[in-house]
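Hello,

Here is the structure I promised to pass on to you. Please have a look at it first, and then read my notes underneath.

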Amino acid sequence: GWSIDRILEKQPGEKWDLTCEVHQKTVLDLIDSTRPGLIIGSPPCSWFSQIMELNWRHIPKGRRRAMMREAHALLAFTCKVYKVQCNNGGIFIHEQTSSARSWKEECVEEILALPEVRKVDLDMCWFNLRAKAANGDQLVRKPTTILTNSSIIAECLGKKCDGTHKHCLLRGGNKCRDAATY
């Protein structure tokens, strides 16, 4: 398997930039040549988050526009990858926080309209997502939604909190960012 994201390098000294058409073509060619069985996508949802709504007024308009252009470009490309994956007969999983505004974007709604695609809600505490709290690591609920074209994956991942434990809130410091790292 392989991973393409902002952290890993495309080649030594060159990071992936999935807003760049050349990098996008490389990814699509890689998918076409390797025909992966499963693609998992989780484009950054921070720009679409409710928390970010509180921060927008502190960010200059030009910077906000640039951030949203990048967010829309990454989301649109990710959705394009899912369509290719479906056409190739493979499986995909798209993951975003349930409250993200990205769920209302046209490209995401187009994926949801594809045959066999299911939308499933889950709580990340079920999968042992933790964050640092005053009294040590605690589970984080983090309501999350996935889209997938696999009924088996949808059934396995569709787990909600059973209410038998406490959760810490993702407020302050880097908790939200850290909770986006799996």
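Below is what I found in it, going from the whole protein down to one residue.

Please keep in mind that this is a predicted model. The protein has six helices and eight strands, and from the N terminus on they follow one another as β-β-α-β-α-α-β-α-β-β-β-β-α-α. Of its 182 residues, 36% are buried. If you take the contacts between residues at least 6 apart in sequence, 68% of them join residues at least 24 apart. The accessible surface is about 11200 Å², and carbon and sulfur atoms account for 53% of that.

A good place to start looking is the open sheet of four strands, with the order 3-4-8-5 and mixed pairing. Its edges are strand 3 (38–41) and strand 5 (118–123), each of which pairs on one side only. On average, neighbouring strands in this sheet are turned by 20 degrees against each other, direction ignored. Strand 5 pairs with strand 8 (residues 143–148) in the antiparallel sense, over six bridges; Asp121, for instance, has Thr145 in strand 8 as its bridge partner.

Next, find helix 3 (residues 61–87), which lies across strand 3 and strand 4 (91–97) and runs at about 155 degrees to strand 4.

Finally, look at Ser102, in the loop between strand 4 and helix 4 (106–112). Is Ser102 buried or exposed? Its relative accessibility is 1%, and buried means under 20%, so Ser102 counts as buried. Leaving aside neighbours within four places in sequence, Ser102 is in contact with Phe48, Leu75, Gln96 and Val108.

Enjoy exploring, and best wishes!

Note on methods. Residues are numbered from 1 along each chain as its sequence is written. This is a predicted model: local features need pLDDT of at least 70, side-chain atom pairs count only at pLDDT 80 or more; totals for chains, interfaces and linings use all residues. Side-chain values use heavy atoms; hydrogens and water are left out. Two strands pair if DSSP finds at least two bridges between them. Helices (H or I, at least four residues) and strands (E, at least two) are DSSP runs, numbered from the N terminus. Axes are lines fitted to C-alpha atoms, for helices over the stretch in contact, and angles run from 0 to 180 degrees between N-to-C directions. Contact means heavy atoms within 4.5 Å. Buried means under 20% relative accessible area, exposed over 50%, partly exposed in between (1.4 Å probe, protein chains only). Accessible areas come from the Shrake-Rupley method with a 1.4 Å probe; for residues, only the protein chains shown count as cover.
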